[in-house]
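Biologist: I am new to this structure and would like the terms explained as we go. Please show it first.

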Amino acid sequence: MSDLLPPRPTLTPPPAAPDRFWALLPCAGTGARAVAPGAAAGVPKQYQPVAGQPLVLHTLAAFAGVRRLQSTLVAVAPGDAFFDAHASELYFTAACGGPTRADTVLGGLRVLRERGAQDGDWVLVHDAARCLVTTAQIDALIDVCEHDSVGGLLAHKLADTLKTASDGPGGVRVASTVDRSDKWLAQTPQMFRLGALESALERYGAQATDEASAMEAMGLHPRLVPGGAQNFKVTYPEDFALAEAVLAQRHLPATLERFGGPLAQAAPLPGKTFF
């Protein structure tokens, strides 16, 4: 009889849980600087019509095409009833908006926790007024950042010459020219782990201008992922015309396909076909 012990069975560790991704759109601001020509007074910019549809629906259409998302949360201000008439299974809303963007995002992160999101889940925070972002850009951000130790954001490399200015009796004048070789314009989505982002905003949200700057204040260095010039934030009145021109050139397929029914009854732009 052999004194050799039988070989121990090889234990295969359980596979790691796949990453989960959530989207969060802060939608509680009023956008006082962006009053569209002929717009109704007091209507926040994200609800102003662009190419026949409320601006925010174009934004949500891009996220609706991202198949990896668990869900998309639209964080609105208390008392905001806009989405009562625009309900969809492609997103959900919560009245967790606060006085600042950081407050609104923090409120949204807590709502996502109530939905089952965990510290290690990725959250993509996106400006509701960046209505020209594409599904492909969002997917590209996820592809690049899902294995990154920090996360990252869409950004656009600065193309124009950058000046500093001084203001005096002679008016606003150039003070100096800044090296633009390492300058980027921050865009959204900005993608970070829920727990890390929550901690950063709780500590530095009052000083942060975006989620990435809060993460930077924690000593971290988010990754920059090329976005595009068209992923701009509708901020000033003239931005509405530019956004509408871009959407018209794209023929608006996504918004009408994602949000059919009554929304699809809008009249098409002259000479354009919806498909």
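Modeller: What follows is a set of questions about the terms used for this predicted model, with the reasoning behind each answer.

Biologist: How many helices and strands are there?

Modeller: The protein has seven helices and eleven strands. Its exposed surface is about 14700 Å², and carbon and sulfur atoms supply 56% of that. Buried residues make up 43% of the 275 residues.

Biologist: Why is A51 called buried?

Modeller: Buried means under 20% relative accessible area. A51 has a relative accessible area of 7%, so A51 is buried. This residue lies in the loop between strand 2 and strand 3 (53-54).

Biologist: What is said about the phi of A51?

Modeller: The phi of A51 is positive, about 55°, although A51 is not a glycine.

Biologist: Which strands make up the open sheet, and in what order?

Modeller: Seven strands form the open sheet, in the order 5-4-1-6-10-7-11, and the pairing is mixed.

Biologist: What makes strand 5 and strand 11 edge strands?

Modeller: Strand 5 (92-94) and strand 11 (223-226) each pair on one side only, and they are the edge strands. From one strand to the next, the twist averages 30°.

Biologist: How do you know that strand 6 and strand 10 pair?

Modeller: Two strands pair if DSSP finds at least two bridges between them. Strand 6 (residues 122-125) and strand 10 (residues 184-193) are joined by four bridges and run antiparallel, so they meet the condition for pairing. One position to look at is V125, which stands opposite Q190 in strand 10.

Biologist: Which helices pack on the sheet?

Modeller: Helix 1 does, touching strand 1 (21-27), strand 4 (69-76) and strand 10, and its direction makes about 175° with that of strand 1. Helix 3 (residues 135-145) also packs there, touching strand 1, strand 6, strand 7 (151-157), strand 10 and strand 11. The direction of helix 3 makes about 130° with that of strand 7.

Biologist: What is found at T188 and P189?

Modeller: A cis peptide bond joins T188 and P189, with omega about 10°. P189 is in strand 10.

Biologist: What makes strand 8 and strand 9 a pair?

Modeller: Seven bridges link strand 8 (residues 162-168) to strand 9 (residues 171-178) in the antiparallel sense. At least two bridges are needed for pairing, so the condition is met. The two strands form a hairpin with two residues between them, and L162 has V178 of strand 9 as its bridge partner.

Biologist: How are helix 2 and helix 4 placed relative to each other?

Modeller: The axes of helix 2 (residues 101-114) and helix 4 (residues 194-204) come within 10 Å and cross at roughly 145°. The crossing is left-handed. Residues in the contact include V105, L109 and R113 of helix 2 and L194, L197 and L201 of helix 4. By class, the contact has eight nonpolar, one polar and four charged residues.

Biologist: Why does G195 count as polar there?

Modeller: G195 of helix 4 is one of the contact residues, and Gly is placed among the polar residues by the definition, so G195 counts as polar.

Biologist: What do the buried residues of helix 6 pack against?

Modeller: They pack against strand 2 (49-50) and helix 1 (55-64). The buried residues of helix 6 (residues 237-250) are D239, F240, A243, V246, L247 and A248.

Key. Residues are numbered from 1 along each chain as its sequence is written. This is a predicted model: local features need pLDDT of at least 70, side-chain atom pairs count only at pLDDT 80 or more; totals for chains, interfaces and linings use all residues. Side-chain values use heavy atoms; hydrogens and water are left out. Axes are lines fitted to C-alpha atoms, for helices over the stretch in contact, and angles run from 0 to 180 degrees between N-to-C directions. A crossing is left-handed if the near helix is turned anticlockwise from the far one by less than a right angle, and right-handed if clockwise. Contact means heavy atoms within 4.5 Å. Buried means under 20% relative accessible area, exposed over 50%, partly exposed in between (1.4 Å probe, protein chains only). Accessible areas come from the Shrake-Rupley method with a 1.4 Å probe; for residues, only the protein chains shown count as cover.
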